[in-house]
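Here is a short set of exercises to work through with the model open beside you. Try each task yourself before reading the solution.

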Amino acid sequence: MQNNYHLPVLYNEVLDNIVQNKSGIYVDCTLGGGGHSEGILKTLNSDGTLIAIDQDDDAINFAKERLKKYSENLKVFKENFVNLDIVLYMAGFDKVDGILMDIGVSSKQLDNAERGFSYRFDAKLDMRMDQTQSLSAYEVVNEYSEEELTKIIFLYGEDRFAKKIAHEIVKRRTLKKIETTFELVEAIVAAKKVKSLKHPAKQTFQAIRIEVNRELEILEKTIDKAVDFLNVKGRLGIITFHSLEDRIVKNKFRELERSCVCPSDIPICICNTKPKVKIITKKPIIPNTNEVNVNNRAHSSKLRIIERV
Ligand SMILES: C[S@@+](CC[C@H](N)C(=O)[O-])C[C@H]1O[C@@H](n2cnc3c(N)ncnc32)[C@H](O)[C@@H]1O
């Protein structure tokens with residue numbers, strides 16, 4: 001049942017590197033199908049606690065059912081992980097021993113046609129992980145200005161045809177609103193007119209999804225919050241799936257490890273900045289070939305870990 005929902009990536013690598021204290025308090029910010037959470041719960045002893053968060057009701061319902069035998073040691077919150085501080089306050093903890101973020105969408109979200117995340121299925125434009133939020137892909141595609149669309153597709157999709165795609169979307173939507181994923185794909189295909197191995201809509205869909213769910217902004221904010229909740233020696237592990245996310249994590253981790261931020265022309269340090277963390281993974285942990293053969297979605301995953309000092 002769990003494999004149909006989502007196969008956790010870098011499962012052993014997460015458990016080996018994040019769970020250092022079997023009686024500790026851990027947070028899984030991205031519960032999804034509950035694969036990593038179950039691994040953490042299996043590793044903990046009866047004194048350990050896992051706080052699990054997801055913003056998607058479907059994930060919460062599925063994982064609660066899957067993990068019901070661990071209910072004594074598990075607290076589940078339907079929240080955006082950017083509100084980690086609120087969740088920990090509600091759960092009654094001010095420090096934890098480890099935090100996991102396995103970001104992006106789950107296989108279930110991607111494969112469920114109705115959620116409108118995928119260019120492979122025809123569905124209403126949606127792409128909200130939290131289906132109670134008001135902004136969806138429909139508003140982004142039909143209401144954002146051509147300049148805003150260009151910027152999003154260029155920055156979050158890294159598509160060099162961003163201008164052409166935005167122009168085509170705006171041209172089409174003045175005649176008739178773009179309501180479905182396939183209508184959006186048609187506009188993208190018409191704008192790009194190039195053949196490539198990659199699906200022509202892949203980058204634009206990624207860009208719109210990132211915008212709808214404010215994924216990059218939330219990731220950056222949450223790293224800062226998460227670090228302040230870690231006990232000394234507590235670890236934060238983040239799994240990313242594309243270069244935009246990985247760049248944010250890498251740079252943020254470096255910034256947190258820095259000991260001095262004085263301008264280079266000042267002879268002595270006056271900022272007194274102390275490193276908050278030690279980077280555990282100088283290079284990110286990536287899946288082995290076996291894992292990629294079994295789970296193609298793991299192919300671009302990267303795990304980076306820091307430890308609180
Ligand atoms: C890649 S899946 C996690 C899969 C999970 N590790 C497992 O083993 O099944 C990502 C999950 O995180 C959730 N998510 C993504 N961004 C979130 C955010 N900002 N706040 C809360 N949940 C988020 C998504 O709804 C999705 O269910």
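**Exercise 1. A helix with two sides**

Which residues of helix H5 (residues 84–91) are buried? Keep in mind that you are looking at a predicted model.

Solution. Start with the count: a residue is called buried if 20 or more other C-beta atoms lie within 10 Å of its own. In H5, the buried residues are Leu 84, Val 87 and Leu 88. Next, look down the axis of H5: these buried residues fall within an arc of 95°, so they line one face of the helix. Now turn to the face directed away from the buried side, where you will find the exposed residues Ile 86 and Tyr 89. Then ask what the buried residues of H5 pack against: the partners are E2, strand E3 (74–78) and helix H12 (215–228). Finally, step past the end of the helix to Gly 92, which follows H5 and has a positive phi, near 85°.

**Exercise 2. Unusual backbone angles**

Find Leu 10 and Lys 233, and state for each whether the residue is buried or partly exposed.

Solution. Begin with the background: most residues other than glycine have a negative phi. Leu 10 has a positive phi, near 50°, and is not a glycine. This residue sits in the loop between helix H1 (2–5) and helix H2 (11–18). With 23 other C-beta atoms within 10 Å, Leu 10 is buried.

Now do the second one. Lys 233 also is not a glycine, yet its phi is positive, about 80°. Its place is in strand E5 (residues 230–240). Lys 233 has 14 other C-beta atoms within 10 Å, so it is partly exposed.

**Exercise 3. The nonpolar cores**

How many residues make up the largest nonpolar core, and which have the most contacts inside it?

Solution. The largest core has 49 residues, and those with the most contacts inside it are Cys 29, Leu 50, Ala 52, Ile 53 and Ile 99. Take Ile 53 and list its neighbours, leaving out residues up to four places away in sequence: Cys 29, Leu 31, Phe 77, Glu 79, Phe 81 and Val 87. Apart from the largest core lies another, of 29 residues, including Ala 162, Ile 165, Leu 184 and Ile 208.

One step more: follow Leu 184 to Leu 125, since the two touch. Leu 125 is located in the loop between helix H6 (107–111) and helix H7 (137–143). With 23 other C-beta atoms within 10 Å, Leu 125 is buried. Others that touch Leu 125 include Gly 116, Tyr 138, Val 141 and Ile 178.

**Exercise 4. Two domains**

Mark the bounds of each domain and describe the contact between them.

Solution. Domain 1 covers 2–108 + 215–308, while domain 2 covers 114–213. Their C-alpha centres lie 29 Å apart. The contact takes eight residues from domain 1 and seven from domain 2. On the side of domain 1 that touches domain 2, sort the residues by kind: three are nonpolar, two polar and three charged.

**Exercise 5. Around the ligand**

How many residues surround the ligand, and which are the closest?

Solution. Count 23 residues around the ligand, the closest being Pro 8, Thr 30, Gly 32, Gly 33 and Gly 35. Two elements give two or more residues to this shell: helix H3 (35–43) and strand E2 (49–54). By kind, the shell divides into nine nonpolar, eleven polar and three charged residues. You have met E2 already, as one of the elements that the buried residues of H5 pack against.

Definitions and conventions: Residues are numbered from 1 along each chain as its sequence is written. This is a predicted model: local features need pLDDT of at least 70, side-chain atom pairs count only at pLDDT 80 or more; totals for chains, interfaces and linings use all residues. A residue is near a molecule or strand if its C-beta atom, placed from the backbone, lies within 6 Å of it. Helices (H or I, at least four residues) and strands (E, at least two) are DSSP runs, numbered from the N terminus. Ala, Val, Leu, Ile, Met, Phe, Trp, Tyr, Cys and Pro count as nonpolar, Asp, Glu, Lys and Arg as charged, and the others, Gly among them, as polar. A residue is buried if 20 or more other C-beta atoms lie within 10 Å of its own, exposed if 12 or fewer, and partly exposed in between; C-beta atoms are placed from the backbone. The arc is that of the directions from the helix axis to the C-beta atoms. Domain bounds come from an automatic or database domain assignment. A nonpolar core is a set of buried Ala, Val, Leu, Ile, Met, Phe, Trp, Tyr and Cys residues joined through C-beta atoms within 7 Å.
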